[in-house]
Amino acid sequence: MTVTTSFLKQLPKVELHMHIEGSLEPELMFALAQRNNITLPYDSVDALKQAYNFSNLQSFLDLYYQGANVLQTEQDFFDLAMAYLKKCQQQHVQHVEIFFDPQTHTDRGIPFEVMFNGLHNAFEQGKHEFGISYELILCFLRHLSEDAALTTLEQAKPFKDRITGIGLDSSEVGHPPEKFKNAFAAAKAQGYRLVAHAGEEGPAQYIWDALNLLNVERIDHGVNCTQDPELMAHLVETKIPLTVCPNSNVRLKVFEKMEQHNLKALLERGLKVTLNSDDPAYFGGYMLENYLNVQNALDLTKEQWWQLTANAIDATFTSNARKVELYQQLDKVMAE
Ligand code: HPA
Ligand SMILES: [Zn+2]
C-alpha cells in the first residue's frame, strides 16, 4: 500500500514533544509586540523569518528566548496556546503533551500564575471545543542552576493538580542530567511524571544519565543513542519512548539532511520512536509538515506510520480510556 498525503493528513496524531513558546509564529510575535508596546529588533515579519537560519541548538535558543519576551499578559499566553490548538484541529492532532518553560517568564517578572492560567484556560477550551486532550509538562531550563529549578518547583505547587510532569530543556552540552538529580528526585516525590531532553546534541551518556540519575520515563530527542550499541539494546528492551523531532533535527544541524535522519533506522531496530514538532513556528511546521518531510525523505510504509502512532499512544501520560479511543481512531483510518 502506498502512503498518500491524504492518509498522513487523516491519521490521528499524538504530540508528545512541543514547547508552547516554540509555537509563537512571527505574525503573532509582531501582533503581541504591538499590543504590549515592545520594539522587536526586526523591521518586519520577513526580516524575522530571515533570521531563522540556525547553526545549532544555541543559535536557535537565543532567538526563542528573545521571541518569548512579547508574552506579557494572561491573554497573550491564551492566544499563543489557542493558535497552536487551531493548528492541531486542522491536522487531526488529538492528544498533546505540552512543554512550558516558567523560568523564561518568571525571570523577566511575569508571575507564574499569569503564564499558567493563560495556557491552562486555552487547553481547557481546546479540550471542550475541539476534543483535544492534553497534559502539561513543566520544564526546568538546564542552563540555570538546580536551585533555580527547585524554586520553580516550589512556585508550581499551587498548580500541581494541573501539571502532569516535569521535563528538562535548553542548552544541553555542558549541562548534564546529573546537575538536576535533586530537583528530579523532589519532583518524583511530589508525584510528577518525569521526562528529559537528552542525546539531541549531547552524548549517549546523557541518555543513560537521564534514565539512571533522573529516573525519567521518556527521552526527548535521544537520537544520539546510536553512539552506544549497549544503550540501543537497553532502549529496545525497556521500551523507553523517544520523542523524536525530525524537522527540528535538520534545522538545528543534528542531521545535515532529512535523508540522513535515523528515525526509520531506530524504528526498524525496535526502539519506541514517536514523531513530534518541537518548536513548529521556528522549524518549518507542525505535525503534518514533519510527517510529509519524513515521508518524502525516508519513505515509510503504512505499517511504520501505524507503529509511530501506536508508540505515541502507548507513551502518553493519559488515561487508559483515552488510549482506547485514540487506538479506535487509528484503526479506523488504517481500515479506510
Ligand atoms: O529542541 C530543544 N532542545 C532543547 N531545548 C529546547 N527548548 C525548546 N526547544 C528545545
Ligand atoms: Zn524540545
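This report covers the surroundings of ligand 1 and the annotated binding-site residues in a predicted model.

The shell around ligand 1 consists of His19, Gly22, Leu57, Tyr64, Asp169, Ser170, His197, Glu200, Ser248, Asp278 and Asp279. By class, this shell holds two nonpolar, five polar and four charged residues.

An unreviewed UniProt entry gives His17, His19, His197 and Asp278 under "binding site". These residues span 262 residues in sequence, but no two of their C-alpha atoms are more than 11.7 Å apart, so they gather at one spot. Among the annotated residues, His19, His197 and Asp278 are also listed around ligand 1.

Two of the annotated histidines can be described further. His17 is part of strand 1, which runs over residues 13-19, and His19 is placed in strand 1 as well. The table gives their surroundings; the contacts leave out residues up to four places away in sequence.

| Residue | C-beta neighbours inside 10 Å | Contacts |
|---|---|---|
| His17 | 29 neighbours | Asp220, Thr243, Cys245, Asn276, Asp278 |
| His19 | 28 neighbours | Phe99, Asp101, Asp169, Asp278, Asp279 |

His17 counts as buried because its 29 C-beta neighbours inside 10 Å meet the cut-off of 20 or more. His19, with 28 such neighbours, is buried by that cut-off too.

Asp278 appears among the contacts of His17 and among those of His19. Asp278 is itself one of the positions in the UniProt record. The contacts of His19 also include Asp169 and Asp279, and both of these aspartates belong to the residues around ligand 1.

Terms used:
Residues are numbered from 1 along each chain as its sequence is written. Chains are lettered from A and ligands numbered from 1 in the order in which they are written. This is a predicted model: local features need pLDDT of at least 70, side-chain atom pairs count only at pLDDT 80 or more; totals for chains, interfaces and linings use all residues. A residue is near a molecule or strand if its C-beta atom, placed from the backbone, lies within 6 Å of it. Ala, Val, Leu, Ile, Met, Phe, Trp, Tyr, Cys and Pro count as nonpolar, Asp, Glu, Lys and Arg as charged, and the others, Gly among them, as polar. UniProt positions are given in the numbering used here, feature names are shortened, and annotations may be inferred rather than shown by experiment. Helices (H or I, at least four residues) and strands (E, at least two) are DSSP runs, numbered from the N terminus. A residue is buried if 20 or more other C-beta atoms lie within 10 Å of its own, exposed if 12 or fewer, and partly exposed in between; C-beta atoms are placed from the backbone. Two residues are in contact if their C-beta atoms, placed from the backbone, lie within 7 Å.
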